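Trainee: Could you show me how to read a protein model, one feature at a time?
Mentor: Gladly, let us look at it together.

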Amino acid sequence: MHPETHNAPESISPVVAFPGADRRSRPQRHLTDKVPNPFAGPLSKDMWDKAHSVPSQYPDTFDYGMYDRLYERFGDQQPRGGVVYKGTMKLLEAQDCAQCFHRFEIDTYGRGCVHNCAYCYAKSYLSIRRYWNEPMPFPMDIAAIRKIFATVFETSKPNKLRHILERRVPLRLGSMSDAFMWMDKKYPLTLKLLKMLRFYHYPYLIFTRSDLVADDEYLQAMDPHLASIQMSLSSINRELTRQIEPGAPAPSKRLQALRKLAEHGFWTTVRINPLFPIYPDGYYTDPHFDHAKPIKPFNFFAWEMLEVIAQHKIPTVVVGVARLYPPNLRFMRQALGYDMRSHFASDVHEERASLHFSTAETAYYYTRIRELCAIHGLRFSTCYIGNDATGESFQRYQPLWSNRADCCDAVGNVQAFQTTCASLQQSAFIPLTQVAPSS
């Protein structure tokens, strides 16, 4: 499906006028007198005050009391870091994602993820620091987000994120944790954020493994002209998925969610990321590979996935080869019962902190998947994040992309995607430590 053939419903105009918004149809609201704080709990009172410290036309009906109830659940045994995740919006600056077009991101939950995927970088990183699901993922401070948006779009006050937000650089939802875990039905942070983004007519890119994204309540909160929705789906093998992604919805549920989203006019993408090659490194590309020796294939990925994806009205596929850090190797061994090291070339895992597939083998998979995408009428792109600190793979595989202007294939396909992180001047970048305090 090409940009010119994608028919989304008419955009829903925001209810308030602000810089850059669509002012066509609805009248502006007027700020009302200051409303007394209805909350008095140990966390909710200060959060409500923070959220309303900047006058705003955004209607705030959020139940901040949920933070109090979470606090009371732990009583005198509060978890390390507290029950509120302190991260907000941040611009990633690490070398292995420096060229990414969509590295302005937010996590509505932090310090864990119920999907608990064995290969997850965040699980590897946070487990070492004893923050992964200890004892659960915790909701972010939504009051801080409301204050940032109100400050930038309804005042002229200085804000560290103003130069990014005013350019409407798309915000990526879900990086270190899935924003659409089903726990959001109890702590509706993501639902609240979606409503806020729609109010301010702000573009966003969703990364998820959850079918919650197609729930009717969430569909009503989103706008097809603002959202690009990407579903991570590395396999259609239900049994292996259950072993490796124990808390994530089944592949069939994710595909059904994507079909529903497409029927509602949303631009959708499947992320085969991580891509786990079927055979050990060099099987297809090393002329010295010993094909006579016994080989145990890893049937997580399958070539027929591309046909299944096409059958669910999904226009784009983004592929990124797997990388495994030492803790991930341990998690994978626990899940599968054998060591994944044997799947990688020995010189690779001895020289690097994480295991990668060789350039030649990676190129083989990318090229063949692209060919299958062409057969099934799918668009194709690659993701290099985490796999190349030099950025060489970003340039190497760009000629394979269907959309050279955007590796995530949203620019030109989603109306509000007019800028990317590549649009920002290097001199305007904000140090990560200044933008996103983290617990």
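Mentor: We will go from the overall make-up to helix packing and then to a cavity. This is a predicted model, in which local features need pLDDT of at least 70, side-chain atom pairs count only at pLDDT 80 or more, and totals for chains, interfaces and linings use all residues. Residues are numbered from 1 along each chain as its sequence is written, and side-chain values use heavy atoms, with hydrogens and water left out.

Trainee: How many helices and strands are there in the protein?
Mentor: The protein has 15 helices and ten strands. Helices (H or I, at least four residues) and strands (E, at least two) are DSSP runs, numbered from the N terminus. Of the 439 residues, 58% are buried, meaning under 20% relative accessible area with a 1.4 Å probe, protein chains only.

Trainee: How should I describe two packed helices?
Mentor: Two packed helices are described by the angle between their axes and the distance between the axes. Axes are lines fitted to C-alpha atoms, for helices over the stretch in contact, and angles run from 0 to 180 degrees between N-to-C directions. Here, helix H3 (residues 121-128) and helix H11 (residues 326-336) pack at about 110°, with axes 8 Å apart. That makes H3 roughly perpendicular to H11 (65 to 115 degrees; under 35 counts as roughly parallel).

Trainee: Which residues of H3 and H11 meet?
Mentor: Lys-123, Ser-124, Ser-127 and Ile-128 in H3 meet Pro-327, Asn-328 and Phe-331 in H11; contact means heavy atoms within 4.5 Å. The buried residues of H11 include Leu-329 and Met-332, and the buried residues of H11 pack against H3 and helix H8 (238-244).

Trainee: At what angle do helix H4 and helix H6 cross?
Mentor: H4 (residues 142-154) and H6 (residues 189-199) cross at roughly 5°, and their axes come within 11 Å. That makes H4 roughly parallel to H6. Among the residues making this contact are Ile-145 and Phe-149 of H4 and Leu-193 and Met-196 of H6.

Trainee: How is empty space found?
Mentor: Rolling a probe the size of a water molecule over the atoms shows where empty space is left. A cavity is a set of points, on a 1 Å grid over the protein atoms alone, where a 1.4 Å probe fits but cannot get out; lining residues have an atom within 4 Å of a point. This structure holds two cavities of 30 Å³ or more. Residues lining the second largest cavity include Cys-383, Tyr-384 and Trp-401.

Terms used: Parallel < 35°, antiparallel > 145°, perpendicular 65-115°, else oblique. 1 Å grid on protein atoms, 1.4 Å probe; cavity = no way out; pocket = protein on both sides within 12 Å on 5 of 7 lines; lining within 4 Å. Points joined across faces, edges and corners; volume = space filled by probe spheres on them. Buried < 20%, exposed > 50% of the residue type's maximum accessible area, 1.4 Å probe, protein only.
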